[in-house]
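Q: Please take a close look at one part of this model, the nonpolar core, and then place it in the rest of the chain. Which residues in the largest nonpolar core touch the most other members?

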Amino acid sequence: MEVQFVEELEERLIKALQNSAGQSLLQSDLWKSTSSSSREVSRALARMEKKGIVKREPFTGERRKTYRVTLIKKEHKVQISDVVWCACFTCHDLSRCGPGQPISPVNCTKLTMSLRSELMKYKRSEEIKMASSSEKE
Ligand code: SF4
């Protein structure tokens with residue numbers, strides 16, 4: 001199977017499970033709701049189970065055996081907005097920077113400053129959250 005197809009199928013399976021009661025569905029319902037073949041869904045779920053995204057338990061229905069599939073966790077995808085604050089993304093020295101080179105993340109002032117700035121923003125947002133939650137009490 002093509003990598004993009006596999007990723008899209010996994011994403012559709014996760015969405016179907018997220019939208020279900022208890023984030024759990026029968027495997028036979030999953031291939032119907034994602035308009036995929038039972039074989040494709042079975043393979044995708046086996047991979048997702050190995051990655052710890054879903055849990056499959058044998059389930060005997062009215063006519064035949066299937067699996068009850070439960071979403072354990074949604075794979076966290078890093079968004080560009082999550083890391084865009086890091087100085088390395090706009091650094092002119094990026095191609096010359098690395099372990100064993102004269103410029104390194106270990107002693108980089110620009111990286112340290114951007115990390116400090118992000119940490120301060122995080123602390124401020126946590127303080128605001130705590131202040132607003134104590135106001136509600
Ligand atoms: S660690 Fe510093 S020098 Fe290296 S790429 Fe990041 S900002 Fe640039």
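A: A nonpolar core here is a set of buried Ala, Val, Leu, Ile, Met, Phe, Trp, Tyr and Cys residues joined through C-beta atoms within 7 Å. A residue is buried if 20 or more other C-beta atoms lie within 10 Å of its own. The model is a predicted one.

With that definition, the largest nonpolar core has 14 residues, and those touching the most other members are L13, L17, L30, A44, L45 and V69. The elements that contribute two or more residues to this core are α1, α2, α3 and β3, the last of these spanning 65-71. Helix α1 covers 3-18, while α2 runs over 27-33 and α3 over 38-50. As general background, nonpolar side chains in soluble globular proteins tend to be buried together.

A44 gives a view of the packing at the level of single contacts. Leaving out residues up to four places away in sequence, A44 touches V6, L9, E10 and L13. L13 is also among the core residues that touch the most other members.

E10 is a charged residue by class, and it lies in helix α1. With the same sequence exclusion, E10 touches A44 and M48. E10 counts as partly exposed because it has 19 other C-beta atoms within 10 Å, and the buried class begins at 20.

K15 is placed in helix α1 as well. K15 has 14 C-beta neighbours inside 10 Å and therefore counts as partly exposed. The C-alpha atoms of K15 and T34 are separated by 9.5 Å, with their positions 19 residues apart along the chain.

Two loops among these elements hold residues with an uncommented but checkable backbone angle. Q23 has a phi near 50°, a positive value in a residue other than glycine. Q23 sits in the loop between α1 and β1, where β1 is 24-26. Q23 is partly exposed, since 16 other C-beta atoms lie within 10 Å. S35 also has a positive phi, near 55°, and is again a residue other than glycine. The loop that holds S35 joins α2 and α3. S35 counts as exposed because it has 7 C-beta neighbours inside 10 Å.

The whole chain is the next step. The protein has five helices and three strands, arranged along the sequence as α-β-α-α-β-β-α-α. The radius of gyration is 23 Å, well over the 14 Å that the globule rule gives for 137 residues, so the protein is more spread out than a compact globule. Along the principal axes, the C-alpha atoms fill a box of roughly 65 × 50 × 20 Å. Of the 137 residues, 10% count as buried. Among contacts between residues at least 6 apart in sequence, 39% join residues at least 24 apart.

The protein is divided into domain 1, residues 3-71, and domain 2, residues 80-136. Their C-alpha centres lie 38 Å apart. Two residue pairs can serve as distance checks. E10 and W85 are 75 residues apart along the chain, and their C-alpha atoms are separated by 30 Å. C91 and E49 are 42 residues apart in sequence, with a C-alpha to C-alpha distance of 39 Å.

C91 leads to the ligand. The residues surrounding the ligand are A87, C88, C91, D93, L94, C97, I103, P105, C108, K110 and L111. By class, this shell has nine nonpolar residues, two charged residues and no polar residues. C91 is in the loop between α4 and α5, which span 80-83 and 109-136. C91 is partly exposed, because 16 other C-beta atoms lie within 10 Å of its own.

How values were computed. Residues are numbered from 1 along each chain as its sequence is written. This is a predicted model: local features need pLDDT of at least 70, side-chain atom pairs count only at pLDDT 80 or more; totals for chains, interfaces and linings use all residues. Helices (H or I, at least four residues) and strands (E, at least two) are DSSP runs, numbered from the N terminus. The radius of gyration is taken over C-alpha atoms; the globule rule is 2.2 Å times the number of residues to the power 0.38. A residue is buried if 20 or more other C-beta atoms lie within 10 Å of its own, exposed if 12 or fewer, and partly exposed in between; C-beta atoms are placed from the backbone. Two residues are in contact if their C-beta atoms, placed from the backbone, lie within 7 Å. Domain bounds come from an automatic or database domain assignment. A residue is near a molecule or strand if its C-beta atom, placed from the backbone, lies within 6 Å of it.
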